[in-house]
Structures are given as structure tokens and as C-alpha cells.
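Student: Please take me closely through one part of this model, and set it within the whole chain before you turn to the details.

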Amino acid sequence: SSGINTEYGKQWYQRRVRGGKRVIVLKQMPSGLLLVTGPYKINGVPLRRVDQAYVIATSTKVELPALPAISDEMFKRKGKPTKNEKEMFVDNAGDNSYKISDEKVALQKQVDALVVPAVKKVDMLQSYLRSRFTLTKGQFPHEMKF
């Protein structure tokens, strides 16, 4: 833990990973990364682990219900199988594409079903999450009150 206040249900700006999208922090993972979601149904940000250095905290809080158990292992991708000597030079472009597992899709829908009603309870938060976070010339995030 880096000493950053990672309150459960707090709304944050995600700076780099998803291009200025606004997200909700669900929890801090055992690895130290933050588990965030858009929710996907509102602004297209899926369940994702993000380093604390890539987010800016705001003062907005959302009361969230108990979430399903989510661990770091759910986000690890399976290693690519090693090729033998004959397959090494064969181009298999179709095999390299990443497919989202049905388990992750079901988990995203389950989390969205819990988070979206909580977001709708807060006045104007749904449209706020849909908009992007941007800074213009002369604006400094460390001098702002979010």
C-alpha cells in the first residue's frame, strides 16, 4: 500500500489506461492494484486492475452492496503454448487474438447489476461517468478540488 486513500466505492478518474475515463474503485486487490469498473454498461470501462499511480481521487462516494469475490488470478491470461520446430515459422494470425472468457463476461454483468443501481441513486452521476476527464491549459490537478 502506497498510503493513497483507496476507499471502497469511491469515484476516481482513470488517467492513462482508458484515456481519461471516469471509473469507480471497487476494492484494492492483494497485489496492491485497484479493481475498477466504469461500469461497463454506462461508459464502457470493464472490470480492470489499475495501478494507483494512474488514477486521481475525487470526493464523490457511491454506496455499493457486497460484491462477489474477485481475485488477482481471474485477470491473469493463460500462457501461449510453445511451438515445436515445424510450427515456429508458420503464420497463425487467427490464433493470436485474445478472447474474453464467458466467466469474465458473466462476472462483468453481475458486477454491473450491483453497481449501476447504486450509481443511478446519486444525482447526475451517470452522465458524469459517461463524460471524459480532460484538462486544459493552465489547469493543474494538484490544485483542484474534485
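Tutor: A contact here means heavy atoms within 4.5 Å. Among contacts between residues at least 6 apart in sequence, 62% join residues at least 24 apart. The model is predicted, and local features need pLDDT of at least 70, side-chain atom pairs count only at pLDDT 80 or more, and totals for chains, interfaces and linings use all residues. Residues are numbered from 1 along each chain as its sequence is written, and side-chain values use heavy atoms, with hydrogens and water left out.

The protein has three helices and five strands (DSSP runs of H or I, at least four residues, and of E, at least two, numbered from the N terminus), and their order along the sequence is β-β-β-α-β-β-α-α. Of its 146 residues, 32% count as buried, which means under 20% relative accessible area with a 1.4 Å probe and protein chains only, whereas exposed means over 50% and partly exposed lies in between.

The part I would look at closely is the hairpin that strand 2 and strand 3 form, with five residues between them. The two strands run antiparallel and are joined by four bridges, where strands pair if DSSP finds at least two bridges between them; one of the partnerships sets Gln28 against Leu34 in strand 3. In the turn, Gly32 has a positive phi of about 100°. Strand 2 is largely enclosed by the rest of the structure, because five of its seven residues are buried.

On one side of the hairpin, Lys21 sits in the loop between strand 1 (10-14) and strand 2 (22-28). Lys21 is buried yet has no salt bridge (a side-chain nitrogen of Lys or Arg within 4 Å of a carboxyl oxygen of Asp or Glu), and the nearest side chain of opposite charge, that of Asp112, is 12 Å away; Lys and Arg count as positive, Asp and Glu as negative, and His and the chain ends are not counted. A polar atom of the Lys21 side chain does, however, lie 2.8 Å from the backbone oxygen of Asn43.

On the other side, Pro39 lies in the loop between strand 3 (34-37) and helix 1 (40-43), and the peptide bond that joins Gly38 to Pro39 is cis, with omega about -5°. Most peptide bonds are trans.

Methods:
Polar contact = N/O pair within 3.5 Å; in protein donor to acceptor, adjacent residues only side chain to side chain.
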